[in-house]
Amino acid sequence: PLLASAHENGRICLWSIQGKLVKEILPFSKYPSVPLTALCTDISTKMLLAGSKEGHIMCWSIASFLEDPQSGKNQIKEELCWRAHSTEVVDLFHEEEKNVVVTASIDGSVRLWHAMNGCYLGYFGQHRKFELSDISQLILPCDVNNFPTIIKEENKHMEKKKFKYPLMLDRDK
């Protein structure tokens, strides 16, 4: 078992039960240093979802990594990123049977999204029923104008690389 923690610098740390840092990942998005405010996984722990202070939802595939965390070949791959709210995401969860993600924001809205492509399905309190099977029409909430981004390529920048930058005092500057 691993523990996941979301951080102000936009990173997610995966820890062993003994408290050892196993892996550190960084979202592959335009603004990777945005503070993360919510984390969840699906029941089978194949996906890891994170919500940000700016209203974004990011989704990673973690199944192959969890099979053997010590192996270098099993990577965590970010698969999807979308803007769910115009303000901070305070909570989210993945309902695996219906394959939906429910997000909540500080603006008081609770929204429903298709988990595989980030398609907007509606909000809690709307007058019509949720149509979970029809995702052919790509619509967005009124306060969001960015369509979901499906990340297809492998990204080497998602993992934290260790660099040494010694601090040097330059009195002339």
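How many residues lie between β8 and β9 in their hairpin, and which residue in the turn has a positive phi? I would like to start there and then work outwards, keeping in mind throughout that this is a predicted model. The answer is that four residues separate β8 from β9, and that N99, in the turn, is the one with a positive phi, of about 60°.

Let me stay with that hairpin for a moment. Strand β9 covers residues 100–105, and six bridges join it to β8, the two strands running antiparallel. If you would like a register mark to follow on the screen, take L92, which stands opposite T103 in β9.

The hairpin belongs to an open sheet of four strands, which come in the order β8-β9-β10-β11 with antiparallel pairing. The edges are formed by β8, at residues 89–95, and β11, at residues 120–123, each of which pairs on one side only. Going from one strand to the next, the twist averages 20°. As a general reminder, strands of a sheet pair through backbone hydrogen bonds, in either a parallel or an antiparallel manner. At the other end of this sheet, β10 and β11 are antiparallel and joined by three bridges, and here L112 can serve as the mark, since L112 stands opposite G122 in β11.

Now to the aromatic side chains, of which the structure holds two pairs. In one of them, the rings of W82 and W113 have centres 5.9 Å apart and planes at 45°, so this pair counts as tilted. W82 sits in strand β7, residues 77–83, whereas W113 sits in strand β10, residues 110–114, so the contact between these rings ties together parts of the chain that are 31 residues apart in sequence. The other pair is formed by W113 and Y120, and this one is also tilted, with 5.0 Å from centre to centre and 55° between the planes. Taken together, the ring pairs link W82, W113 and Y120 into a cluster. Are these residues buried or exposed? W82 and W113 are both buried, with W113 at 0% relative accessibility, and Y120 is buried too, at a relative accessible area of 9%.

There is also an annotation to mention here, and I would treat it with some care: UniProt, in an unreviewed entry, places the feature "repeat: WD" at residues 82–113. In the model, the chain over residues 82–113 is 0% helix and 59% strand, and the C-alpha atoms at its ends are 10 Å apart.

Next, the cysteines, where one might ask why C40 and C59 form no bond. The sulfur of C59 has its closest cysteine sulfur in C40, 8.8 Å away, which is too far for a bond, given that a disulfide needs the sulfur atoms within 2.5 Å. The structure accordingly holds zero disulfides. Both residues are nonetheless buried, C40 with a relative accessible area of 12% and C59 with one of 2%.

Finally, let me step back to the whole chain. It has one helix and twelve strands, and along the sequence these follow the pattern β-β-β-β-β-β-α-β-β-β-β-β-β. Of its 173 residues, 39% count as buried. As for contacts, if we take those between residues at least 6 apart in sequence, 41% join residues at least 24 apart.

How values were computed: Residues are numbered from 1 along each chain as its sequence is written. This is a predicted model: local features need pLDDT of at least 70, side-chain atom pairs count only at pLDDT 80 or more; totals for chains, interfaces and linings use all residues. Side-chain values use heavy atoms; hydrogens and water are left out. Buried means under 20% relative accessible area, exposed over 50%, partly exposed in between (1.4 Å probe, protein chains only). Rings of Phe, Tyr and Trp (its six-membered ring) pair if their centres lie within 6.5 Å; planes under 30 degrees apart count as stacked, over 60 as edge-to-face and the rest as tilted. UniProt positions are given in the numbering used here, feature names are shortened, and annotations may be inferred rather than shown by experiment. Two strands pair if DSSP finds at least two bridges between them. Axes are lines fitted to C-alpha atoms, for helices over the stretch in contact, and angles run from 0 to 180 degrees between N-to-C directions. Contact means heavy atoms within 4.5 Å.
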